[in-house]
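The following paragraphs are a guided reading of how the secondary-structure elements of this model are arranged. Please keep the sequence and the coordinates in view while reading.

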Amino acid sequence: MSHVTIILADDHKLVRQGMRSLLTAQPDFEVIGETNDGQEALKLIETLTPDIAILDVMMPNLNGIETARLAIQHGTRTRIIFLSMHANATYAVRALQSGALAYVLKDSDFSEMLQAIENVMEGRRYLSTAIADEVFEMLLNADKGKDDSLEILSPRECEILQLIAEGNTNVVVAEKLSLSVRTIESHRSNIMRKLRLASHSDMVKYAINKGLITP
């Protein structure tokens, strides 16, 4: 494999340090950036254009799935791998639907990550063996009881939903996204209308159920 540049995005510092150590021990890999924040990860992808971005699913400000979706939407050539603690087919399917090429569980052997990197560099997908069968089963039964409510939101609305559900006020969300408070209020109203939510607590519950934030 030729020289591969990588960025790491995970809100646990020890995970990032451990993964950086394992990756840089490989002669062909170079870790050129890292962060604990989804919005910052998106900036690193766009400014550093690494070959690979290894993302956690759950991160503050912007979760990994939305980070991947926005990066792909913006035309990135970076190949995205998810490294997640969630051995759950729902998360894996959503990750792949966002445009990622691989989903690796955090309790996997490092050899699985090496295999995932090799696969995605060759344009192929990779799933951790422990979750592959469950994912394929879910995909085969995708039309049975499917809930697509999150898909009616725009990427910006998903981003705002997560920030609000994390406990940020409209003013703070506006500052984070460089938008006006009135614009945030308008998005918030549209989100609640589209999802038929009645209160802030409903938004929080919805975000938790959809895996945008953790309880």
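In this predicted model, helix 1 and helix 5 cross each other in a right-handed sense. From helix 1 the contact draws on Met19, Leu22 and Leu23, and from helix 5 on Phe110, Met113 and Ile117. By class, six of these contact residues are nonpolar, none is polar and none is charged. Helix 1 spans residues 13-24 and helix 5 residues 110-121; their axes lie 12 Å apart and enclose an angle of about 65 degrees. Angles of 65 to 115 degrees count as roughly perpendicular, and the two helices are therefore described as roughly perpendicular to each other.

The next element to consider is the sheet. Six strands form an open sheet in the order 2-1-3-4-5-6, and their pairing is parallel. Its edges are strand 2 (29-35) and strand 6 (126-127), each of which pairs on one side only. Within the sheet, strand 4 (residues 79-84) and strand 5 (residues 102-105) run parallel and are joined by four bridges. Ser84, for example, has Leu105 of strand 5 as its bridge partner. Helix 1 also packs on this sheet, where it touches strand 1 (4-9), strand 2, strand 3 (52-55) and strand 4. The direction of helix 1 makes about 165 degrees with that of strand 2.

How is helix 4 placed with respect to strand 4, strand 5 and strand 6? Helix 4, comprising residues 89-97, lies across these three strands. Relative to strand 5, helix 4 runs at about 150 degrees.

A further helix pair is formed by helix 3 (residues 64-73) and helix 7 (residues 155-165), which pack at an angle of about 155 degrees with 11 Å between their axes. Since angles over 145 degrees count as roughly antiparallel, helix 3 and helix 7 are therefore roughly antiparallel to each other. Their crossing is left-handed, whereas that of helix 1 and helix 5 is right-handed. On the side of helix 3, the residues involved are Glu66, Arg69, Leu70 and Gln73, and they meet Pro155, Cys158 and Glu159 of helix 7. This contact comprises three nonpolar residues, one polar residue and three charged residues. The contact of helix 1 with helix 5, by comparison, has no polar and no charged residues.

Conventions: Residues are numbered from 1 along each chain as its sequence is written. This is a predicted model: local features need pLDDT of at least 70, side-chain atom pairs count only at pLDDT 80 or more; totals for chains, interfaces and linings use all residues. Side-chain values use heavy atoms; hydrogens and water are left out. Axes are lines fitted to C-alpha atoms, for helices over the stretch in contact, and angles run from 0 to 180 degrees between N-to-C directions. Angles under 35 degrees count as roughly parallel, over 145 as roughly antiparallel, 65 to 115 as roughly perpendicular and the rest as oblique. A crossing is left-handed if the near helix is turned anticlockwise from the far one by less than a right angle, and right-handed if clockwise. Contact means heavy atoms within 4.5 Å. Ala, Val, Leu, Ile, Met, Phe, Trp, Tyr, Cys and Pro count as nonpolar, Asp, Glu, Lys and Arg as charged, and the others, Gly among them, as polar. Two strands pair if DSSP finds at least two bridges between them.
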